[in-house]
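Dear colleague,

Please find below the structure that I am handing over to you. My findings follow it, beginning with a term that the later paragraphs rely on.

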Amino acid sequence: KQWYQRRVRATTNCTLSNLQKAAFCVPDIVVFFNNIAYFLLIFAIPARFESFTNYSLTAATLYTSLIPLIGYISCMIIGFFASGEINAVWVMIVGNILFYTGGILAFGATTSFLDFPWSFEIGAVLAGFGDACVINVAVMSKFYLYEKWKLDTTGLAERSSELYNFSFNISTLVGTVLGGLALSRASEVPVVATTAFVCVFNVIGLVACWLV
């Protein structure tokens, strides 16, 4: 009987308003766009380096590996600090801004109008760290929101993981395809402009999510 009462209480406490349901999905939308941009960079930059710079494809691929390397190191750092209480939504906001700024700089190193000394190196560090902030904290942000809304978190890990995995896997496919469409000079302005727009869109969504 006590178990049944706890389950009923948990179900009652997990009722979300329409605004809360929308806010609950925002981190997954951010992960979706973030991952598209990430895989576009990983697949497009080596070929663009080979086409538009003096790098060989092998050197360009190794050079591009700076982004996931920085991301891996950042994951360990963020994981250490995440053991304490953090505002997960604001970590995602900062990570989102850093990631897209870095992505524009890294991609810009292969363009005809954004290439300047150390642009790729700076971009790789920002993109790697920003990506780690978004990817690592996305599921944690759901718990932050539930605690803020004073709702029971029973079953939240499973629901959050399902949404996260679906968003991550679909965006990986989309990003890989778009990476093949970002290899020409004609694609440079649309890629940079779209990236900047998505950055602003994500920040607005996350701020709205935090305010709910």
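A residue is called buried when its relative accessible area is under 20%, exposed when that area is over 50%, and partly exposed in between. Please note that the model is a predicted one.

With that cut-off, Leu16 may be taken up at once. Its relative accessibility is 18%, and Leu16 is therefore classed as buried. This residue sits in the loop that links α1 (2-13) to α2 (18-52). If neighbours within four places in sequence are set aside, the contacts of Leu16 are Lys21, Tyr146, Trp149 and Leu151. Leu41, by comparison, is 25 residues from Leu16 in sequence, and the C-alpha atoms of the two are 37 Å apart in space.

As to the overall fold, the protein chain contains eight helices and zero strands, which gives the pattern α-α-α-α-α-α-α-α along the sequence. The C-alpha trace spans about 70 × 30 × 25 Å along its principal axes. Of the 212 residues in the protein chain, 42% are buried. When contacts between residues at least 6 apart in sequence are considered, 82% of them join residues at least 24 apart.

A second buried position is Asn96, in helix α5 (residues 88-108). Asn96 counts as buried because its relative accessibility is 0%. Which residues does Asn96 contact, leaving aside its neighbours within four places in sequence? They are Val30, Val134, Cys199, Asn202 and Val203.

Turning to the surface, the accessible area of the protein chain is about 11,100 Å², and carbon and sulfur atoms account for 71% of it. A nonpolar patch on the surface is formed by Leu69, Tyr72, Ile73, Met76 and Ile77, whose accessible area together is about 500 Å². Ile77, one of these residues, belongs to helix α4 (residues 66-81). The relative accessibility of Ile77 is 42%, so this residue counts as partly exposed.

Finally, on charge, the protein chain carries 11 positive and 11 negative side chains. The centres of these two sets are 17 Å apart.

For a first look at the model, I would suggest taking the residues in the order used above: Leu16 in its loop, Asn96 in helix α5, and then Ile77 in helix α4.

With kind regards

Conventions: Residues numbered from 1 in each chain as written. Predicted model: local features only at pLDDT ≥ 70, side-chain atom pairs only at ≥ 80, totals over all residues. Heavy atoms only, no water. Helix = DSSP H or I, 4+ residues; strand = E, 2+ residues; numbered from the N terminus. Buried < 20%, exposed > 50% of the residue type's maximum accessible area, 1.4 Å probe, protein only. Contact = heavy atoms within 4.5 Å. Areas by Shrake-Rupley, 256 points an atom, 1.4 Å probe, with all protein chains shown as cover. Lys, Arg positive; Asp, Glu negative; His and termini not counted. Charge placed at Lys NZ, Arg CZ, Asp CG, Glu CD. Patch = residues over 30% accessible without salt bridge, like charges linked within 9 Å, V, L, I, M, F, W, Y side chains within 5 Å. Salt bridge = Lys/Arg side-chain N within 4 Å of Asp/Glu carboxyl O.
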